Amino acid sequence: MQRLPVTLGFCGFTVEDLCLIAISKCPIVLDKAVCSRLGIEVTDFGTTNANCISETSTSSNSVSRILSSLALERSIKSKAGDPLHIKSLLNQLNADDLEPIAPTAEGLDNISNSLTCADDCLGRSILISKLINTLSDYSDCVLGLLCEINGVKNIPFAELQSFPNSTSSSRNLQWLLQDSKYIQKSKGSDTSDNVKQLIVDLIVLIGNVRMDAERMSKSCKNFLGNRINTFKQQDLFEQIFKIQLNLHVTSIYNSIIFILQNFINLNNIISGTNNTYINPKLPSTSRFTTQMGDIELMAFNWIEALNFVMNDLICKASQMSKSSKKSGNGSAGQILGFGRGNLLVEQFFITKKQLLKDYNLCLMANELAELLVPQNQMGRKPKVPKGTQDFGPKQMTLRSMMFDKIKKIFLQHGAVEIDTPVFELRETLLNKYGDDQKLIFELKDQGGEQLALRYDLTIPFARFIASQQSNKIKRFHIGKVYRRDDPQMTNGRFREFVQCDFDISGDYDSMIPDAEVVFIMWRILQSFHHSIGEFKVKLSHRKLLDAVLEVSHVPQQLRKSISSSIDKLDKETWENISSEMMQKGLSQASIKSIKGYISLNGTISSVLSQLENTEISKLENAKTAIEEIKLFNQYTLSFHMGKEPPLVLDLSLARGLDYYTGLIYEAVLIDNKDVGSIAAGGRYDGLIGSFSSTTVPAIGLSIGVERLFRIIESKSTDYRTRDTKVYVCSIGDGMILERIKICSELWKADISAEFAHFQNPKIKKQLDLATAAKVPLVVIIGADELTDNSVIIKQKSVLGGNDWEQTRVTRPNMVQVLKQKIASFGYDNI
């Protein structure tokens with residue numbers, strides 16, 4: 001069985017990587033950069049037998065593989081890492097000759113002195129998280145077949161919708177039982193309330209334990225990330241990690257006990273058996289590793305119970321098939337008329353020679369997940385993933401007009417267009433977005449690289465510039481970005497959306513690029529003024545914000561976190577923000593001082609005058625920021641943004657991204673504050689330098705096109721969805737070739753045209769098609785026109801309605817007349 005290798009780089013392993021190494025026994029290869037730094041040749045490693053590993057594994061061996069992998073990871077991250085020790089560990093892992101290691105702090109010394117007891121907890125919790133997720137899917141399969149074979153009717157799916165964690169299992173059960181003819185034919189009475197309640201309780205418990213396992217896996221992932229970036233505070237993070245895991249372990253343990261009890265009770269009631277289950281008790285010891293062992297044991301009991309029930313169900317299905325009076329070919333499930341999902345489940349487990357045990361069950365994880373994916377459903381309307389949307393022809397026409405208008409302004413300012421991949425190396429995106437880093441979509445490792453979908457267009461641009469020979473560029477980029485956010489479709493917050501970015505990079509005189517970028521933002525929004533209404537541009541400076549935090553005596557280690565809190569002021573009340581600051585450890589005096597400063601907003605000159613006699617004005621950072629804002633104000637006055645430029649200096653503006661270093665700005669609607677920002681940006685002088693040895697100043701903006709589109713779409717009703725300018729019609733039969741010839745002539749002259757794809761359509765039908773498509777011009781040819789080498793050109797009457805005005809022109813003059821008429825039209829409706 002071939003297994004793809006897992007690549008280890010300086011960022012370390014992910015939870016998914018460790019599961020593949022431990023359970024599937026995937027081989028490990030070192031990243032080229034790691035080999036280069038350690039002076040190791042790839043050929044130094046022993047050959048792996050990963051292509052012929054048997055599908056058997058023990059719990060201790062799986063834990064040992066994770067612990068060895070973590071030791072390997074630590075050795076690589078350590079500056080004093082021993083290449084010989086690293087090669088030895090790698091060869092052992094790839095040769096699969098690793099001896100089981102006792103899951104204690106003392107036993108870990110056999111691998112590496114750098115490992116701790118928290119690493120053991122991490123290794124075992126990773127395996128348990130994977131096992132619980134697989135078990136949850138297995139339980140859904142068993143429950144579906146159990147309900148099917150025993151003719152359980154009227155399962156209360158509506159009631160299950162009120163339990164948030166039960167959605168997945170409820171959906172799986174609906175799919176497994178979909179279109180079941182066997183249950184419909186069952187002679188039994190409606191399902192008793194007792195059985196219904198057991199099914200509801202069981203689905204809720206499976207949903208809860210599934211959620212706990214996902215949270216435990218997330219804790220593992222966060223711990224791995226924190227350990228990479230905060231090695232000096234390792235002990236603190238290990239303690240926090242163990243406390244969090246302890247909560248998950250207790251919850252999972254209790255859930256499994258109740259799941260086993262309910263499964264046995266449900267099976268007894270609906271199948272008439274009398275099996276019993278003894279409830280084990282937690283040991284008196286509080287050692288965390290002991291509790292982890294208990295939860296492993298409970299999970300293995302769960303597997304045994306499911307295996308027992310599944311084997312019994314498969315035997316029953318076979319007996320029912322033999323005793324059935326129906327004739328026909330196929331499996332037992334097909335003959336009996338099982339639900340569509342249960343057909344797949346029954347066939348899958350019949351072909352399995354034996355059910356897997358312990359952690360080897362995880363080898364079935366992908367197959368079980370595929371069984372529970374609805375296939376070719378007839379009665380269910382397909383839908384897009386949460387936080388995404390489809391755009392029809394009408395919407396795309398409007399969006400294209402928007403993008404063309406924005407692109408035209410970018411080009412007028414000398415910008416050039418670039419494009420970058422929609423996914424980047426994971427390390428490229430890490431530590432760039434502050435608290436929003438958790439919103440990055442990470443991709444599973446398929447080819448030896450850890451990847452993530454791009455969060456915005458700025459980081460890819462910085463990486464692009466760092467790899468180029470020239471640093472000076474005016475660029476724009478229109479493309480999709482991805483955020484694992486909680487979508488709010490009505491407010492224009494999506495998981496997949498388009499950004500329109502404009503940036504200027506390179507050394508220039510102070511504030512000149514800044515003023516032009518803000519002017520470009522104003523021009524774009526002003527071009528949509530009649531659709532979006534009045535707006536204002538809020539300005540601030542990151543150095544001013546830093547000064548506010550400094551004079552308010554905010555500790556250095558809290559400043560990023562407090563900045564993120566301030567950035568929420570457009571969504572939260574001050575009371576909520578101040579409460580959040582207190583929870584982060586900020587004093588009342590500091591919070592009061594911050595409030596006094598960030599309450600300042602107004603015209604640039606008025607706010608700067610208020611700052612002149614404050615403590616902030618004495619700080620060097622603040623002095624620099626104030627001088628830059630004054631210079632910026634001088635330049636913007638020359639850009640002619642109207643009699644009253646919509647610029648407001650607002651010290652509460654924080655912009656949560658870590659990479660901003662200077663001027664920041666954000667445009668908001670005056671009459672529609674719920675929409676949020678419709679454009680934003682700022683200066684980021686240090687970002688490009690983080691990818692290279694050269695510091696390159698840069699500033700940019702991003703237009704919130706999705707929010708603009710929502711507003712413009714609601715106010716734009718009458719616009720064309722096709723670019724067709726001419727519809728070619730004919731009168732009489734046998735004119736299809738003439739219509740094609742005229743269209744070909746128009747296309748050659750660069751005129752958009754189309755014709756009806758029917759041989760002998762009626763003229764009324766053709767005119768109706770032209771009217772429905774809002775095509776302004778119609779060319780008609782018939783037998784008379786063919787004789788005198790002419791055509792009739794019809795144009796919609798200026799009086800409206802369905803009336804047409806027509807003229808007859810010679811065939812040689814047709815193109816010229818049509819171009820003159822087209823030139824008089826305008827199609828910009830936004």
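This is a conversation about a predicted model, moving from its cores to its strands and helices.

Visitor: Let's start inside. Which residues touch the most other members of the largest nonpolar core?

Guide: Those are Trp-302 and Phe-349, which touch the most other members of a core that has 100 residues. Helix α5, covering residues 117–149, gives the most to this core, contributing 15 residues.

Visitor: And what is Trp-302 in contact with, leaving aside its neighbours within four places in sequence?

Guide: Trp-302 is then in contact with Ile-132, Leu-135, Ser-136 and Ser-139, and also with Val-209, Ile-256, Ile-259, Leu-260 and Phe-263.

Visitor: What about a second core, how many residues does that have?

Guide: The second core, which is separate, has 65 residues, and Leu-525, Leu-544, Ala-622 and Tyr-719 are included in it.

Visitor: I'd like to look at helices now. How do α20 and α25 pack?

Guide: Helix α20 (residues 542–551) and helix α25 (residues 620–638) pack at an angle of about 145 degrees, and their axes are 8 Å apart. The crossing of these two helices, α20 and α25, is left-handed.

Visitor: Which residues make that contact?

Guide: From α20 come Lys-543, Leu-544 and Ala-547, while α25 supplies Asn-621, Ala-622, Thr-624, Ala-625, Ile-626 and Ile-629. Sorted by class, the contact of α20 with α25 has six nonpolar residues, two polar ones and one charged one. Leu-544 and Ala-622, which take part in this contact, are also included in the second core.

Visitor: Changing topic, is strand β8 enclosed or open, and why?

Guide: Strand β8, residues 496–505, is largely enclosed by the rest of the structure, because nine of its ten residues are buried.

Visitor: Which strands does β8 pair with, then?

Guide: One of its partners is strand β7 (residues 473–482), and β7 and β8 pair in the antiparallel sense over ten bridges. Along this pairing, Lys-474 stands opposite Ile-504 in β8, and Tyr-482 has Glu-496 of β8 as its bridge partner. Strand β14 (residues 698–703) also pairs with β8 in the antiparallel sense, over six bridges, and there Phe-502 stands opposite Leu-701 in β14.

Visitor: Back to β7 for a second: how many of its residues are buried?

Guide: Seven of the ten residues of β7 are buried, so this strand, too, is largely enclosed by the rest of the structure. β7 also pairs with strand β3 (residues 416–417), in the parallel sense and over two bridges, where the bridge partner of Glu-417 in β7 is Phe-476.

Visitor: There's a sheet with five strands as well. What is their order?

Guide: The five strands form an open sheet in the order β16-β15-β17-β18-β19, and the pairing within this sheet is mixed. The edge strands are β16 (753–755) and β19 (804–810), each of which pairs on one side only. On average, and with direction ignored, neighbouring strands of this sheet are turned by 25 degrees against each other.

Visitor: Which of those pairings are parallel or antiparallel?

Guide: Strand β15 (residues 726–730) and β16 pair in the parallel sense over three bridges, with Val-726 standing opposite Ala-753 in β16. β17 and β18 run antiparallel and are joined by four bridges, and Val-778 stands opposite Lys-794 in β18. β18 and β19 also pair in the antiparallel sense, over seven bridges, with Thr-807 in β19 as the bridge partner of Ile-793.

Visitor: Is β18 mostly covered or mostly uncovered?

Guide: β18 is mostly covered, as six of its seven residues are buried.

Visitor: And which helices lie across β15, β17, β18 and β19?

Guide: Helix α28 (residues 763–772) lies across these strands, running at about 170 degrees to β15. Helix α30 (residues 814–823) also lies across β15, β17, β18 and β19, and runs at about 10 degrees to β18.

Visitor: One last residue: where does Ile-86 lie, and is it buried or exposed?

Guide: Ile-86 lies in helix α4 (residues 83–95), and because its relative accessibility is 0%, Ile-86 counts as buried. Not counting residues up to four places away in sequence, Ile-86 touches Leu-30, Leu-38, Ile-40, Leu-72, Ser-75 and Ile-76. Leu-38 is 48 residues from Ile-86 along the chain, and the C-alpha atoms of the two are separated by 9.5 Å.

Key:
Residues numbered from 1 in each chain as written. Predicted model: local features only at pLDDT ≥ 70, side-chain atom pairs only at ≥ 80, totals over all residues. Heavy atoms only, no water. Core = buried A, V, L, I, M, F, W, Y, C linked by side-chain atoms within 4.5 Å. Buried < 20%, exposed > 50% of the residue type's maximum accessible area, 1.4 Å probe, protein only. Contact = heavy atoms within 4.5 Å. Pairing = 2+ DSSP bridges. Axes fitted to C-alpha atoms, helices over the stretch in contact; angles between N-to-C directions. Left-handed = near helix turned anticlockwise from the far one by under 90°. Nonpolar A, V, L, I, M, F, W, Y, C, P; charged D, E, K, R; others polar.
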